[in-house]
Amino acid sequence: MALYLKLLKFLKPYRKKLVFAMICMSFVSATQGIMAFIVKFVMDDIFIKKDATMLYFIPAGVILLFLFKGFFFYLQAYFMGYVGQRVVTDIRNLLFVRLQQQPLSYFDKTPTGQSISRIINDVTLVQNTVSDSVTAVLIDVFSIIGLVGVVFYRDWWLASIAFIVLPIAIYPIVSFGKKLRKVGTKTQKSVARLTSFLHETITGQRIVKAFSMEHYENERFKGENEEMFRIIMKRTKIRALSHPVMEIIGGIAIAITIWYGGNEVISGRSTPGSFFSFTTALLLLYEPIKKLNKENHNIQQGLAASQRVFEVIDRVPEIQEKPGAVDLGKVEGIVEFNDVSFKYDDKMVLHNINLRIEKNEVIALVGESGVGKTTLANLIPRFYDITKGRIEIDGIDVRDVTLPSLRQNIALVSQDVILFNDTIRNNIAYGVTPDMEKIEEAATMAFAHEFIIKLPKGYDTVAGEKGVRLSGGQKQRIAIARALYKNAPILILDEATSSLDAVSEVEVQRALENLMKGRTTIIIAHRLSTIINANRIIVFEKGKIVQIGAHNNLIEADGPYRRLYELQFKDRPQKKIMKIGKKSHV
Ligand SMILES: Nc1ncnc2c1ncn2[C@@H]1O[C@H](COP(=O)(O)OP(=O)(O)OP(=O)(O)O)[C@@H](O)[C@H]1O
Ligand SMILES: [Mg+2]
């Protein structure tokens, strides 16, 4: 019921068109009753009384009736289709908006394929319900009302008996519907699982092939597919059963009618015309009732789908702006962690972090893989909300400001580079109005300009398009250009130069050093050579800060940093470096 009400809310803006369509439908349906009604005159006046004027009058009336029906059928189909499609477009838009409002933690937990399946498959099912099934149901219901009127008018006694028996026919409709709804949910879940499985294996083909896991994945796919087959067969069974059950009930009703009606005509209490008119109406009733049953299945399926759609639409994002959140404006760039602890689900990842990063300071986060460096950086743009403590920018808690104003102040080059299926130009100017001169400037600084202009369409080349395969290092340089272009006071570089060769890295490093001037910068890097010049280096161990200091001080102090440093540099044989140096000289 609540689901219906939610769907109705989407219909509200189109209620005028909807009401108009419904009026047209009632006209379409009325023709059914009228047809059954005039059967009496066909029988009694034409066939029994042999009235010649009626012979012209009635066929002409029938043609007019169908013209009338056709006209209103067109109108109702057009307007219902319009309303249905509009509603679905609105739902899809809203669903996408809501999806984008979800915090990263939602996407960590929800497989990509599942989100895609909601927007594509589930919304399509809702569409079928709204535009096709609801129309069919309304037409059927109107037809039933008209036909029932005729049935009662012709023989109220027999009609009464018929309608006492009717609930017996309604019962299986309801029970089949319930079963189908359950199976419908399972089917869609199975489709979603299959979609997400496909998404993973297709995007991960390189890995699948590299590990020769084709056979394994084939088996996994077969398993999922088999499961879907099983569920769909359940649905097929219910559908296959519901048809004969309904038909048998119908047959019994017809047999009783013939027996009783024949008796009435033979005894002279009724005319053949009345009897045939009654029977026609009853027979015509069978069709819409049967269709109601079928539509019921579709509607149940649509409702199951809309339930999943509303799950996302109604989901309250964990990360939200406070009411009355203020605009942060352009900040100086003082970032302060005050006793910050953080956990993803239940595993504590950061413990009591206290750190004040000054304006224009360059901070480097180092530590083994998995200690929480990326996590700490992700907390500044509020990708996740902290579990304990406070994070302040220029003394303002990040939870007290609007999200766009917060994120405008932060440029991020993430560990995994994402380029959108758009031109290089728009990829660099992502989220900011494109200005060609500045884009080229940013690209030049990031050492990307040179290879970009060699691409088939230069800056207008679409990244990821056929034939345009960018290397890991090229993508990274575009990502750096994107961050440069954003020109934000706080810069986060998470392994931003990790895919570059030594030569490019030195060059990009130099470019980044220019960029860091006048900005608060947080660098995360495994290669310590890239962070030697940072004002302060923060060493992490198991989610805790264990050392803070400049490179030279940390090397002198015999601590974790020195061990990290020695691991990277001490064992490297000097001779080899010399040799490589010589070779490159040649
Ligand atoms: N989205 C997530 N959901 C749950 N746990 C996560 C998530 N991201 C990271 N973790 C866990 O949090 C811990 C810290 O991860 P994080 O990515 O911050 O490490 P890192 O220091 O950046 O490592 P690396 O140097 O390998 O990039 C890890 O144990 C990881 O398993
Ligand atoms: Mg990381």
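A polar contact is a pair of N or O atoms within 3.5 Å; within protein, one must be able to donate a hydrogen and the other to accept it, and residues adjacent in sequence count only if both atoms are side-chain atoms.

This is a predicted model, where local features need pLDDT of at least 70, side-chain atom pairs count only at pLDDT 80 or more, and totals for chains, interfaces and linings use all residues. Residues are numbered from 1 along each chain as its sequence is written, chains are lettered from A and ligands numbered from 1 in the order in which they are written, and side-chain values use heavy atoms, with hydrogens and water left out.

**Exercise 1. Describe the surroundings of ligand 1.**

Step 1. Start with T375. A polar atom of its side chain lies 2.4 Å from an oxygen atom of ligand 1.

Step 2. Add T374. Its side chain has an N or O atom 2.6 Å from an oxygen atom of the ligand.

Step 3. Add K373. Here the distance from a polar side-chain atom to a ligand oxygen is 2.8 Å.

Step 4. Find the cover. On its own, ligand 1 has 640 Å² of accessible area (Shrake-Rupley method, 1.4 Å probe). The protein covers 70% of that area.

Step 5. Take the shell as a whole. It holds 14 residues (a heavy atom within 4 Å of the ligand). D108, S369 and Q415 are among the closest.

Step 6. Sort the shell by class. There are 4 nonpolar, 7 polar and 3 charged residues.

Step 7. Name the main contributor. Helix α10 (residues 373–379) gives the most, with 3 residues. Helices here are DSSP runs of H or I, at least four residues, and strands are runs of E, at least two, numbered from the N terminus.

**Exercise 2. Place A481 and T31 in the fold.**

Step 1. Locate A481. Helix α15 (residues 472–486) contains A481.

Step 2. Check its cover. A481 has a relative accessible area of 0%, so it is buried (under 20%, with a 1.4 Å probe and protein chains only).

Step 3. List its contacts (heavy atoms within 4.5 Å). Beyond four places in sequence, A481 touches I428, A442, A443 and A446. The C-alpha atoms of A481 and A443 are 5.0 Å apart, although 38 residues separate them along the chain.

Step 4. Repeat for T31. It sits in helix α2 (residues 15–48). Its relative accessible area is 3%, so T31 is buried. Its contacts beyond four places in sequence are L65, F68 and K69.

**Exercise 3. Judge the confidence.**

Step 1. Take the mean. The protein averages a pLDDT (the predictor's confidence in each residue, from 0 to 100) of 87.

Step 2. Find the extremes. Helix α19 (residues 574–585) has the lowest mean among the elements, 40, and strand β4 (residues 388–393) the highest, 95.

Notes. Nonpolar A, V, L, I, M, F, W, Y, C, P; charged D, E, K, R; others polar. Buried < 20%, exposed > 50% of the residue type's maximum accessible area, 1.4 Å probe, protein only.
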